[in-house]
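Me: I've got a model open and I'd like to get better at reading its features. Could you walk me through it?

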Amino acid sequence: MADFFAKMNEDYAQKHFPDGSVFESAAKTLKRRSMAVAIVIGIFAIASLWGLAWSAGRALELRASGQDDMLDVSIFICSFFGVMALVSLALLFFMIKASRQKRGDYIASAAKHSKLPESEIENFERQALSSDCYILRLTEGLDRALSNASNKDGLLTRDYIYLADPAQTVLRVDSLKACCFSSYTYSINTGNYHQKISCLAIYLLSSNGASILSDTTEKAGQALMALLQERNGAIDINQGKVLPEDGVDSYRRKILGEG
């Protein structure tokens, strides 16, 4: 179990949470990502605006020269660039807005997704930097490198578990109803090459309906299930089996007693 879990220490806390806040670090990480995406979208927006200006000018030239047979094509191209420019500018606006969010915004968002009051999220953050907090290393290799989590490791405190999913969800351990394996797939398309990639994840479900889906290795997931069941014997692990992607909703309803 030591391969996957370690106790919080001063060096780790200073490296990953130099401001003494899990959510301040998450805000900085997501801000860097948002700005990187904003730069790419900004370049696309500039290209779309240039294309719009060029195609609009071309349409005016065709109308002035009486080449009405080509005008429809030119207007279509102009409309295409116009839509692309509007979409990219809208995305750019949201990326810039996301990059300006601060710790308090992320705590509020975490509380919403966790279905907990903000005071509980604040309490989790205080516990996260205590020496009895476990650092959860559930992924390795390429999965770890490509993870979209705001922090590569999860955290298990006295009362809460946090796997740094994009929604920054925090769950109470004593309210957990399920901790089991699940799978999901994504596709890679490059020209004539098409392949579906299957991934293993850990699925956590709380009695209030909040849930987390996070990548894991098989051994790390098994170790997490065992650790959580030591604290809450009522947690269902689905007999250690992997939930198929299309079976998560029905499992959720069954565990929550929703029919």
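Reply: Happy to. Let's begin with contacts along the chain: of those in the protein chain with a separation of 6 or more, 65% are between residues 24 or more positions apart. Keep in mind that this is a predicted model.

Me: How many helices and strands are there in the protein chain? And what share of the residues counts as buried?

Reply: The protein chain has eight helices and nine strands. As for burial, 41% of its 259 residues count as buried.

Me: Now the aromatic rings. What describes a pair of them?

Reply: Two things: the distance of the centres and the angle of the planes. In this structure, a search of the whole model finds nine aromatic pairs. One of them is Phe23 with Tyr162, an edge-to-face pair at 6.0 Å centre to centre with 70° between the planes.

Me: Where do Phe23 and Tyr162 sit in the chain?

Reply: Phe23 is in helix α2 (residues 22–64) and Tyr162 in strand β4 (residues 160–162), so the pair, 139 residues apart, links distant parts of the chain. Both Phe23 and Tyr162 are buried. For another case, look at Phe80 and Phe81, which also form an edge-to-face pair, with 5.6 Å centre to centre and 70° between the planes.

Me: Are Phe80 and Phe81 buried or exposed?

Reply: Neither label fits. Phe80 has a relative accessible area of 44%, so it is partly exposed. Phe81 counts as partly exposed too, because its relative accessibility is 23% and the buried class stops under 20%.

Me: Which residues do ring pairs link into a cluster?

Reply: Phe23, Phe124, Tyr160 and Tyr162. Rings can have charged company as well: the charged end of Lys7 sits over the ring of Tyr134, 5.1 Å from the ring centre.

Me: On to helix packing. What describes two packed helices?

Reply: The angle between their axes and the distance between the axes. Take helix α4 (residues 103–114) and helix α5 (residues 118–128): they pack at an angle of about 110°, and their axes are 8 Å apart. Because 65 to 115 degrees counts as roughly perpendicular, α4 is roughly perpendicular to α5. The crossing of α4 past α5 is right-handed.

Me: Which residues make the contact between α4 and α5?

Reply: On the α4 side, Arg103, Ile107, Ala108, Ala110, Ala111 and Ser114; on the α5 side, Glu118, Ile121, Glu122 and Glu125.

Me: And loops? Where does Gly209 lie, for instance?

Reply: Gly209 lies in the loop between β7 (193–206) and β8 (211–215). Its relative accessibility is 9%, so Gly209 counts as buried. Setting aside neighbours within four places in sequence, Gly209 is in contact with Lys115, Arg252 and Leu256. Its C-alpha atom is separated by 9.5 Å from that of Arg253, 44 residues apart along the chain.

Me: What does Asn238 touch?

Reply: Not counting residues up to four places away in sequence, Asn238 touches Cys180, Leu243 and Tyr251. Asn238 is found in the loop between α7 (218–231) and β9 (242–243). With a relative accessible area of 16%, Asn238 is buried.

Me: One last residue: which helix does Ser79 lie in?

Reply: Helix α3 (residues 68–99). Ser79 has a relative accessible area of 41%, so it is partly exposed. The C-alpha atoms of Ser79 and Ala56 are separated by 9.0 Å, and these residues are 23 apart along the chain.

Key: Residues are numbered from 1 along each chain as its sequence is written. This is a predicted model: local features need pLDDT of at least 70, side-chain atom pairs count only at pLDDT 80 or more; totals for chains, interfaces and linings use all residues. Side-chain values use heavy atoms; hydrogens and water are left out. Rings of Phe, Tyr and Trp (its six-membered ring) pair if their centres lie within 6.5 Å; planes under 30 degrees apart count as stacked, over 60 as edge-to-face and the rest as tilted. Helices (H or I, at least four residues) and strands (E, at least two) are DSSP runs, numbered from the N terminus. Buried means under 20% relative accessible area, exposed over 50%, partly exposed in between (1.4 Å probe, protein chains only). A charge sits over a ring if NZ of Lys or CZ of Arg is within 6 Å of the ring centre and within 35 degrees of the ring normal. Contact means heavy atoms within 4.5 Å. Axes are lines fitted to C-alpha atoms, for helices over the stretch in contact, and angles run from 0 to 180 degrees between N-to-C directions. Angles under 35 degrees count as roughly parallel, over 145 as roughly antiparallel, 65 to 115 as roughly perpendicular and the rest as oblique. A crossing is left-handed if the near helix is turned anticlockwise from the far one by less than a right angle, and right-handed if clockwise.
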